[in-house]
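Could you take me on a short tour of this structure? I have it open in my viewer and would like to know what to select next and what I will find there.

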Amino acid sequence: MNSKTSCEILAKVLAGHGVSDAVVSPGSRNTPLILALDDEPGIKLHTVIDERSAAFIALGMSQISRRPTVLCCTSGTALLNYAPAAAEAYYQGIPLIILSADRPEEWIDQDDSQTLRQFEALRNYVKASYDIPEFDFGNTAMQWYTNRIANDACLTAVTGHPGPVHVNLQFDNPLSEPRTNIGPQRIVADTGCHTVFPPSLMKELAEYAATRKVLIVAGGNPPGYRVNRAFAILSHIPNVAIWCETTANIHTPGTINCIDRTLLAIDTDNEKYTPELIISLGGALVSRMAKQFLRKASGAEHWSIGWRRDRLADPFMSLTRCIECTPDVFLPHFANALRRMQPSGTYADTWQEADIRGLGRHNDKLREAPWSALKAFSIILPRIPQRFNLQLSNGTAVRYAQLFNCRGIHACYCNRGVSGIDGSTSTAIGAASQYGHGTLLISGDMSFAYDIGALGTQFISPDMRFIVINNAGGEIFRFIGSTASLASREEYFSVRPVMNLGLLAEAYGMEYLHADSSKTLTERLALFFKPSLRPKVLEVAVPPDISARTLSDYFK
């Protein structure tokens, strides 16, 4: 079968940069791209028909591997289906390399088949856009240009704040050129020094922090030994309190892992809780209560750790310093430097006492709670096997998980870059393909219905587990003030999905279980987590109105 010179160069450079996975969607114009990728022994191809699902699957792969995954699509609207996942990857800091086949530039906008404007179609959600015109094998200048573009794309995706890049390739007749057998390609390496922090500056920062009430806030972050070790040191420093969201993957005792339930136990206007210095790391916070508290911290300074995107992010309205390096580089040095200062104070104890009160109140509420989504999460989360990765959909699942201590699991993820409900199932499937042990997705029924096409993916791991909290649509709309009292709430907002999970599981060759009480859920979970040759779906039916009232009562 035929290929293209530009495709062969691109595939060889991708392989040279260590790219090992490509998610491809069938099409005619991207045929030479697929063939060139398939010719590289180091690159494994995964076929997904639906481009939107394909993009989130690639995102899940890179979420676990921390390496770029390639996406490859044909011309036309196929590329536009990548936009939701590209936006999520951009804000979450996940590297993707998007390859789209296109018609020649002279035919764009000429009322011919698939001639929409593809170059820079994703410009708001990628770090860089590239366009490669078609050229003959003998054009050495264009061979050099393609090699340069390919190297640039690979390096841009992973350096600084990682993210997606888009390479658009123009083909007139995608199958007309004979095979070229292009030679080995030049690979450009990045040897930037990302592990060095000036000792004098570190001492200056530690001296400043030693005399202030410091609150460290961790949002979504991949698991890592160095960061957890640094938090173990920081948790013993008396003027430092630490908040960690569920997706921060901090498993160190002495940190506050359930921020909302702790904030519910205090008077947030009491100045003894107000920080003088906020140090943040990781992605955007899930907790609305946490963001409101931090925005009210009058006079506090905010240091942000991590590579900046193209604009400053100032979520707490108090940013004073950007520390441009990864948390696993900065935090261990900072923790040791601050410990040597021997700070004093009671700020850490103040928050630990609040955390204990919050836990007591939390346990009281659980004992009183009827069968509801809250009760279901209290049963599910402690029973997740330790080596499992947990994926959470946006909406119900991630908000409930924030109320419980999830330190016992291996790691937790959620698409909180832009917080859409689309793609949660696809992301989990992609993540499971890269993880050697079990992966569990907990999803609301609305999120699960939104991405139901992902269940048709051919390579779903038998270790994959799906729990669907069936609360008859979007519970958040029964909870938030703007929609809770609307007469049209159920018709236009909560919108119960038309979805028979038992039949769906059977159609896709998965095992199906059902629970509708505390007793049956406990019994089903024992079967659900047992090893199997097929993925499993557990539907947990909870009463929608009671679940909303129970959660509302929890937050009063």
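How many bridges join strand 10 (residues 301-305) to strand 11? Select both strands in this predicted model and you will find four bridges, with the two strands running parallel. For one pair to look at, pick H302, which stands opposite L319 in strand 11.

Now widen the view. Strands 10 and 11 belong to an open sheet of five strands, in the order 8-7-9-10-11, with parallel pairing. Strand 8 (240-244) and strand 11 (319-323) stand at the edges; each has a single partner strand, so one side of each is left without a neighbour in the sheet. Follow the sheet across and the twist averages 20° from one strand to the next. As a reminder of what holds such strands side by side, strands of a sheet pair through backbone hydrogen bonds.

Next, add helix 10 (residues 327-340), which packs on the sheet. Helix 10 touches strand 8, strand 9 (277-281), strand 10 and strand 11. Its direction makes about 130° with that of strand 10.

Time to move along the chain. Select strand 17 (residues 536-541): is this strand mostly covered or mostly open? Mostly covered, since five of its six residues are buried. Show strand 15 (residues 464-470) too, and you will see six bridges joining it to strand 17 in parallel. Strand 16 (residues 511-515) also pairs with strand 17 in the parallel sense, over five bridges. Click on V540 in strand 17: it is the bridge partner of I469 and also of A515.

For the last stop, trace the chain from strand 16 through helix 20 (residues 518-528) to strand 17; this β-α-β crossover is right-handed.

Methods. Residues numbered from 1 in each chain as written. Predicted model: local features only at pLDDT ≥ 70, side-chain atom pairs only at ≥ 80, totals over all residues. Heavy atoms only, no water. Pairing = 2+ DSSP bridges. Axes fitted to C-alpha atoms, helices over the stretch in contact; angles between N-to-C directions. Contact = heavy atoms within 4.5 Å. Buried < 20%, exposed > 50% of the residue type's maximum accessible area, 1.4 Å probe, protein only. Right-handed = clockwise from strand over helix to strand, strands pointing away.
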